[in-house]
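Trainee: I'd like to learn how to read helices and sheets in a model. Could you walk me through it?

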Amino acid sequence: MKPSDFPTLAEPLTRNAALPLSEQLAQRFAARIRDRLLAAGARLPSVRACAAQHGVSPSTVVAAYDWLLAQGLIEARPQRGFFVRESSENARNPSARWSNDASKNEAAEAPSLQRPVNATALIRGMFAPAGTRPQPGMGILPPDWLEAPFIAAAVRKVAASRQWPGTALRYGDPLGDAGLRQTLSNRLNALGVPAAPQQILTTVGATHALDIVSRTLLKPGDAVMVEEPGWAVEFARLDALGMRILPVPRGPTGPDLGVMAQYCAAHAPKLFVSVSVLHNPTGGSLSPSSAHRVLQLAQQHDFHIVEDDTYSHLASPHATRMSMLDGLQRTIYVSGFAKILAPNWRVGYLAAPQALVERLLDTKLLATLTTPSLLEQALALCIEQGQLRRHAERLRTRLDAARTRSVKLAQQAGCRFAAEPAGLFGWVDTGVDTDVLAQRLLDEGCLLAPGSLFHARRGPSTLMRINFATTQDAALWRRLRLHIEALR
């Protein structure tokens with residue numbers, strides 16, 4: 001069931017129906033929980049707020065919540081309210097190892113058990129389209145922005161070539177198409193990252209590249225430093241592998257170096273995962289001084305750095321990248337094309353120190369054997385002919401204009417930016433609990449990305465991530481303002 005097919009909680013309950021109002025309300029919540037549109041740990045509205053929202057008595061809401069409690073779908077927490085209960089499948093596998101806080105005072109403490117972020121709910125609820133309304137929580141550019149006829153033309157050209165039939169009947173190069181790897185090598189060297197074709201491994205998207213690195217370099221129980229706020233799927237992915245996640249506060253110019261130093265001394269981390277350029281969700285980029293200090297820590301404490309440069313096509317080519325300064329000694333560079341081309345292509349890659357390539361390749365072979373050479377050859381053609389570059393330039397220009405308008409609308413709605421607006425995403429402070437705000441907007445068919453999703457330890461947050469490309473509608477911000485004022 002898609003979110004657009006689901007009856008919203010905002011629809012009036014049917015009086016004089018066969019089912020009592022309490023059962024109607026309970027079944028709506030139950031369906032949303034079972035379809036994973038309400039993630040484990042999500043807080044339900046208070047009894048009074050829910051009663052006001054649906055025009056029923058508090059006793060009706062109490063009866064509905066009692067039914068959900070009896071079904072094991074929610075749990076009551078004293079002095080806090082009602083929360084979606086973790087599924088029995090997750091309860092049987094409590095492998096999460098999260099640190100208590102990312103503050104300097106507690107960075108050296110041993111991590112404690114916490115519930116992982118529900119990445120499935122994020123993917124199903126936040127990234128899946130929900131009707132035709134604006135989707136501020138969307139993680140990619142809108143489809144109409146990504147329309148690029150040259151992609152289909154490149155695929156047809158490759159498929160019609162004399163070499164293609166022979167290529168299609170073989171698995172192909174395990175590292176990835178040689179032509180694409182040469183093209184990517186040229187691009188990386190232009191950015192200042194010295195990567196030879198034999199140091200590059202193609203993958204099924206950037207997320208697959210991150211997974212290959214984790215499975216190759218880590219074992220269950222290893223400590224991994226990850227920027228916070230950060231990508232919820234990365235927290236959940238590492239947790240699923242049994243890693244100890246050490247959240248490092250991300251500031252405007254990079255990670256908190258003091259917290260990193262304390263983690264290094266106390267936990268001997270094996271890896272640091274960073275989105276150094278146009279960080280998700282804050283939009284910040286790494287400063288040269290921060291980059292140098294992180295590399296010094298990596299050298300002193302013997303850990304690798306995974307630099308996720310997913311947003312490179314939307315950023316300045318002169319942005320500071322640790323892979324450039326390090327020369328791929330302790331860094332592993334990861335990127336892809338989902339943000340500016342058809343996301344369904346799933347073409348990504350990594351560039352690594354030569355000494356790690358064979359180990360990384362073994363991991364790739366065990367998971368996917370090879371990657372689709374048709375798409376890789378077509379992508380190489382788009383890059384070589386300059387079509388991708390021109391397409392990216394058009395997107396950056398359009399995104400700059402969209403960002404200017406979104407910032408103005410957000411500020412008029414009474415919101416402020418917790419970080420300097422840049423790139424695709426904005427980190428917005430609403431002044432109210434954005435989990436509650438997100439639920440209210442979801443009831444109207446509009447998906448938000450509440451700040452709690454971007455933290456290792458999920459808790460109430462007044463922040464939310466917006467997509468500048470999908471927040472151009474003034475009516476959306478007027479609606480948001482009404483909800484925000486109602487929650488204050």
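Trainee: Which residues of α13 are buried?

Mentor: Keep in mind as we look that this is a predicted model. The buried residues of α13 are Ser290, Ala291, Val294, Leu295, Leu297 and Ala298. They cover an arc of only 155° around the axis, which puts them on the same side of α13. The general idea helps here: an α-helix has 3.6 residues a turn, so residues three or four places apart point the same way.

Trainee: Which residues are exposed on the other side of α13?

Mentor: Those are Ser289, Gln299 and Gln300.

Trainee: And what do the buried residues of α13 pack against?

Mentor: Their partners include the helices α12 (257-267) and α14 (322-326), and also strands, among them β9 (304-308) and β10 (331-336).

Trainee: How many Å should helix α13 span?

Mentor: Count 1.5 Å a residue: for the 14 residues of α13 (residues 288-301), the expected span is 20 Å, and the end C-alpha atoms are 20 Å apart, which agrees. Just after α13 comes Asp302, with a positive phi of about 60°.

Trainee: Now the sheet, please. In what order do the four strands come?

Mentor: Strands of a sheet pair through backbone hydrogen bonds, either parallel or antiparallel. Here the order is β12-β13-β15-β14 in an open sheet, with antiparallel pairing. β12 (416-417) and β14 (449-450) stand at the edges with a single partner strand each, so one side of each is left without a neighbour in the sheet.

Trainee: How many bridges join β13 to β15?

Mentor: Five bridges link β13 (residues 425-429) with β15 (residues 463-467). To find your place there, look for Gly426, which stands opposite Ile466 in β15.

Terms used:
Residues are numbered from 1 along each chain as its sequence is written. This is a predicted model: local features need pLDDT of at least 70, side-chain atom pairs count only at pLDDT 80 or more; totals for chains, interfaces and linings use all residues. Side-chain values use heavy atoms; hydrogens and water are left out. Helices (H or I, at least four residues) and strands (E, at least two) are DSSP runs, numbered from the N terminus. The expected span of a helix is 1.5 Å times one less than its number of residues. Buried means under 20% relative accessible area, exposed over 50%, partly exposed in between (1.4 Å probe, protein chains only). The arc is that of the directions from the helix axis to the C-beta atoms. Contact means heavy atoms within 4.5 Å. Two strands pair if DSSP finds at least two bridges between them.
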